[in-house]
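Welcome, and please open your viewer. We will go from stop to stop, with something to select at each one.

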Amino acid sequence: MSQINVDASEIEKFSQLAAKWWDKTGEFKPLHDINPLRLDYIDQHAHLSGKTVLDVGCGGGILSESMALRGAENVLGIDMAELSLQTATAHAAEQAVGNVHYRCISVEDLALEMPHAFDVVTCMEMLEHVPDPASVIRACAKLVKPDGWVFFSTLNRNAKSYIHAIVGAEYILNLVPKGTHDWQKFIAPAELARMARLAQLNVSGCMGMSYNLLNKKYFLCDDVSVNYMMACRSMAA
């Protein structure tokens, strides 16, 4: 078994909110708001229909369940917060979504157990919450099939992201709970791309996500200065 790449305080933080994952007006409203953007971005690149998918750091299953409903043959969501997984499992059962399942296991341990088992691997809004993001990226690369797709999303690290994601989102607009993010753990796109290449992943595209204060909606854009997603292909032969 690998050394667990987990920040206990992060697990506790999300465990305290576990019952609220599917409250679309609560603490996780931003995730519900951006989920259609994430889902479409993944589907446009990887064509989810009939695919075997892994969602790393799945939380309460917002993205996992939507990928299952989009047509993936089977979706496995993994997370280290057991209470969040209980919420995800219960919601899938309530909605009769039978092609999504959940496990409490680290991505590193799953990579040892199921190498090259998935057509698509997603790791969204997680890298900025772990001690060693490069370890997560390497594990994702081991889990995906040759020529499969791996998707990451995280926050850029610069003055603008501090103002928007910390000061604005947490303290002024109250879009997410205070203390949700640690700016020092944010990852610049160049850093993420370098870690991906070292893990034998080719970067196929990078897209930003921004928030419109007037209509209070998120949208995709070329500006990756705050939130962004990255699509990668496995280089493995």
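Start with S64, and show whatever surrounds this residue. Setting aside neighbours within four places in sequence, S64 is in contact with D55, C58, V75, G77, V100 and Y102. The residue belongs to helix α3, which covers residues 62–70. Is S64 buried or exposed? Its relative accessible area is 0%, so S64 is buried. Keep in mind throughout that this is a predicted model.

**A pair of helices**

Next, select residues 133–143, helix α6, together with residues 189–198, helix α8. The two pack at an angle of about 45°, and their axes are 9 Å apart. Angles between 35 and 65 degrees fall outside the parallel and perpendicular classes, and α6 and α8 are therefore oblique to each other. Look along the pair and you will find that the crossing of α6 and α8 is right-handed. Which residues make the contact? On the α6 side, colour P133, A134 and I137; on the α8 side, colour L192, M195 and A196. Sorted by class, this contact of α6 with α8 has 6 nonpolar residues, with no polar and no charged ones.

**Into the loop before α6**

Now step back to D132, which sits in the loop between β4 (118–124) and α6. D132 has 32% relative accessibility, so it counts as partly exposed. Leaving out neighbours within four places in sequence, its contacts are N5 and R138. Add K185 to the selection and draw a distance: the C-alpha atoms of D132 and K185 are separated by 9.7 Å, although the two residues are 53 apart along the chain.

Stay in the loop between β4 and α6 and pick E125. What is the phi of E125 near? The value is near 55°, which is positive in a residue other than glycine. Most residues other than glycine have a negative phi.

For another case, jump to K216, in the loop between β6 (201–212) and β7 (217–221). Phi of K216 is also near 55°, again a positive value in a non-glycine residue. With a relative accessible area of 57%, K216 is exposed.

**Salt bridges**

Turn on the side chains for the last part of the tour. How many salt bridges are there? The count comes to 8, and here are some of them.

- Select K29 and D33: they form a salt bridge whose closest N and O atoms are 2.7 Å apart. Both lie in helix α2 (residues 29–46), and because they are 4 residues apart, about one helical turn separates them. K29 is partly exposed at a relative accessible area of 34%, and D33 is partly exposed at 28%.
- Move to E113 and R103, a salt bridge with its closest N and O atoms 2.8 Å apart. E113 is in helix α5 (residues 107–113) and R103 in strand β3 (residues 100–103), so the pair ties together parts 10 residues apart in sequence. E113 counts as partly exposed at 44% relative accessibility, and R103 is partly exposed at 30%.
- Then choose K145 and D119, where the closest N and O atoms of the salt bridge are 3.1 Å apart. This pair links distant parts of the chain, with K145 in strand β5 (residues 144–155) and D119 in strand β4, 26 residues apart. At 29% relative accessibility, K145 counts as partly exposed.
- Finish on D40, D43 and R70, which are joined into one network by salt bridges that share partners.

Key
Residues are numbered from 1 along each chain as its sequence is written. This is a predicted model: local features need pLDDT of at least 70, side-chain atom pairs count only at pLDDT 80 or more; totals for chains, interfaces and linings use all residues. Side-chain values use heavy atoms; hydrogens and water are left out. Axes are lines fitted to C-alpha atoms, for helices over the stretch in contact, and angles run from 0 to 180 degrees between N-to-C directions. Angles under 35 degrees count as roughly parallel, over 145 as roughly antiparallel, 65 to 115 as roughly perpendicular and the rest as oblique. A crossing is left-handed if the near helix is turned anticlockwise from the far one by less than a right angle, and right-handed if clockwise. Contact means heavy atoms within 4.5 Å. Ala, Val, Leu, Ile, Met, Phe, Trp, Tyr, Cys and Pro count as nonpolar, Asp, Glu, Lys and Arg as charged, and the others, Gly among them, as polar. Buried means under 20% relative accessible area, exposed over 50%, partly exposed in between (1.4 Å probe, protein chains only). A salt bridge is a side-chain nitrogen of Lys or Arg within 4 Å of a carboxyl oxygen of Asp or Glu.
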